[in-house]
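Please find below my notes on the structure you sent. They are kept to points that can be checked by eye.

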Amino acid sequence: MRLSQGYWQTYKETPSDAEVISQQLMLRAGLIYKTAAGLYTYLPMAFRTLKKVEAIVREELDRIGCFEIQMPVMTPAELWKESGRWDSMGGQMLKVKDRAERDLCFSPTNEETVTDLFRRTVSSYKQLPVCLYQINTKFRDEIRPRFGLLRAREFSMKDGYSFHVDKDSLDDFYNKIYGAYEAIFTRLGLEFIAVEADGGAMAGGGAKTHEFQVVADNGEDVVVTVPKTKFAANIEKANTTRKNLEFLPASDLVKFATPDQKTCEEVCEAHGFKITQSLKSLVMHALIKGKDQYFMVMLLGDDSLNEVKFQNKVAAEQIRPAQQSELERLGLIKGYMGPTTESADLKVIFDESIDMKSSFVIGANIEGHHLKGFVPERDTKAKFFRADMRMSKEGDYIGDDQIVLKKGIEVGHVFQLGDKYTKSMKVTVLNETGKAVTPLMGCYGIGVSRVIASAIEQHNDKDGIIWPASIAPYDVYFCFIGKTQETKDLAEEINTELKKASLDTIFDDRQLGPGFMFKDSDLLGLPLRITLGERDYVATGEIEIKVRKTGEVLKVKKDQLVATVKEKLKELGKWA
């Protein structure tokens, strides 16, 4: 691209509503334009990168025998009602009616659409296994879109779906797609971790599933790792334990006054208890098979609830904290709740980290009072059971190894769906014996537009973006410093040679000062900057190459330029 005729503009000021570094740099470097909250226009530079990411994804998926299709962005309500997700998807699904008053939605995902396609086109095990994928626009009506492309309402996604006659076939393909994802994210130049994850509502909980997390300071997800064993899991999935906890021995149950002391921290500080010698009571509403149920979850005083574990454990379609009116109906007082209640409508879950034979401080179910000497297995009045309910945190252990928490951005997810959708949508194929069987499914997603933002979150410095060479919008930023016609002619000649060598080149022919051009170059962050300096070339016959990632500077003769550029790009991972 010749900048004097190009469509590109950079900005000095950072937009006030840009919260994370990728959003700030993409706006300043003229990569995207904010059309509305969570809606972005990809400008030419970002669009080129988007297409390069797509190409890498396609190459690796085609390598393992996947087939690309394209499904509609708008899908009919009938398909979602078949699977039961028309209502359960909640507010993220944007629903509309067409002129014939038919219900449609902007697809937030495409399990139903692809399952409908499959059942109408495949009837025999001889056509299996098969994996269909698309790279297409998705829309999720986020309550609070933020962080630019990391949490947009409209985004580009690769979603793939495989169909299998049995579990062995599904397992075999799962391993293939897992390997393809490793190859994709390696080629994209990302530092990533593949972690054990929770399938959530998509897979029905408990399914075999992994997330691919890009390690980044601004990541919304937390990854639990054990460096020694190379274990990694999403914090919502990880099962960790606490050590060296000091519990109190069993004692008599005694009520004591705690006026205006509603939290575990306030009670323990005022009365001389350690925080882990108190229990936190959280009352949760769960919708289970269409019925309202209530659970009091008991945690150590400084622990927090892992809502994913809770939802999976009770097999709920939806969960939320109980509202004040519900607490009152259950005979509970917020800030003073405890499991001594005898409400028949409340089940109690004790986290596994709680010693059921030790004594703790809990709410007395009386305004302004708590109980000490509460022994869970002795004093709990309601029905109860134990389960892992807590959120992992720093200082926890897996076995004898202490964990390390890292922040991450989810860019990919692979999981086995089983027969969740094929069964609900009554899909069958004939097996080898001619018997109709329900096929199994796998689902595999990559946030294509999120990959771009994630790459910038990982690769930047105080001057701007540092693109991985494989997905940089261009390979080279070429500029010249000089005013003579000879220098201009030489610059044109060099630009032609770079293009003939199939090197994607930005030619800065705007004849601005070097400071302005170098700032633009650093902000955009292409792998290499080539500078033709009139004085240097006249004196030495050399041209400067600067590596954006390392700051390395090379001086080469004109006849060595193309070869040197290609060699450096190869070192930087331009080619697989």
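The points below deal with a small set of strands, then with aromatic pairs, then with charges over rings.

1. The model is predicted, and the remarks here should be read as remarks on a prediction.

2. Start with the open sheet. Three strands make it up, in the order β4-β6-β5, and their pairing is antiparallel. The edge positions belong to β4 (74–76) and β5 (95–97); each has a single partner strand, so one side of each has no neighbour in the sheet. On average, neighbouring strands here are turned by 40° against each other, with direction ignored.

3. Within this sheet, β5 pairs with β6 (residues 103–106) in the antiparallel sense, over three bridges. Lys95 has Cys105 of β6 as its bridge partner. Lys95 also has a contact through its side chain: its charged end sits over the ring of Trp86, 4.3 Å from the ring centre.

4. A second lysine is placed in a similar way. The charged end of Lys420 sits over the ring of Tyr421, 5.5 Å from the centre of that ring.

5. On aromatic contacts, the count comes to 15 aromatic pairs. One of them is Phe295 with Phe310, an edge-to-face pair with 5.6 Å from centre to centre and 80° between the planes. Phe295 belongs to strand β15 (residues 291–300) and Phe310 to helix α9 (residues 307–314), so the pair ties together parts that lie 15 residues apart in sequence.

6. Is this pair buried or exposed? Phe295 has a relative accessibility of 3% and therefore counts as buried, the cut-off being under 20%. Phe310 is buried as well, with a relative accessible area of 0%.

7. Phe350 and Phe384 form another edge-to-face pair, at 5.6 Å centre to centre and with 90° between the planes. Phe350 is in strand β17 (residues 346–351) and Phe384 in strand β20 (residues 384–387), so this pair links distant parts of the chain, 34 residues apart.

8. How exposed are the two rings' residues, Phe350 and Phe384? Phe350 is buried, at 0% relative accessibility. Phe384, in contrast, is partly exposed, because its relative accessible area is 35% and that class runs between 20% and 50%.

9. A cluster should be mentioned too. Tyr178, Tyr181, Phe185, Phe192 and Phe212 are joined into a cluster by ring pairs.

Terms used
Residues are numbered from 1 along each chain as its sequence is written. This is a predicted model: local features need pLDDT of at least 70, side-chain atom pairs count only at pLDDT 80 or more; totals for chains, interfaces and linings use all residues. Side-chain values use heavy atoms; hydrogens and water are left out. Two strands pair if DSSP finds at least two bridges between them. Helices (H or I, at least four residues) and strands (E, at least two) are DSSP runs, numbered from the N terminus. Axes are lines fitted to C-alpha atoms, for helices over the stretch in contact, and angles run from 0 to 180 degrees between N-to-C directions. Rings of Phe, Tyr and Trp (its six-membered ring) pair if their centres lie within 6.5 Å; planes under 30 degrees apart count as stacked, over 60 as edge-to-face and the rest as tilted. Buried means under 20% relative accessible area, exposed over 50%, partly exposed in between (1.4 Å probe, protein chains only). A charge sits over a ring if NZ of Lys or CZ of Arg is within 6 Å of the ring centre and within 35 degrees of the ring normal.
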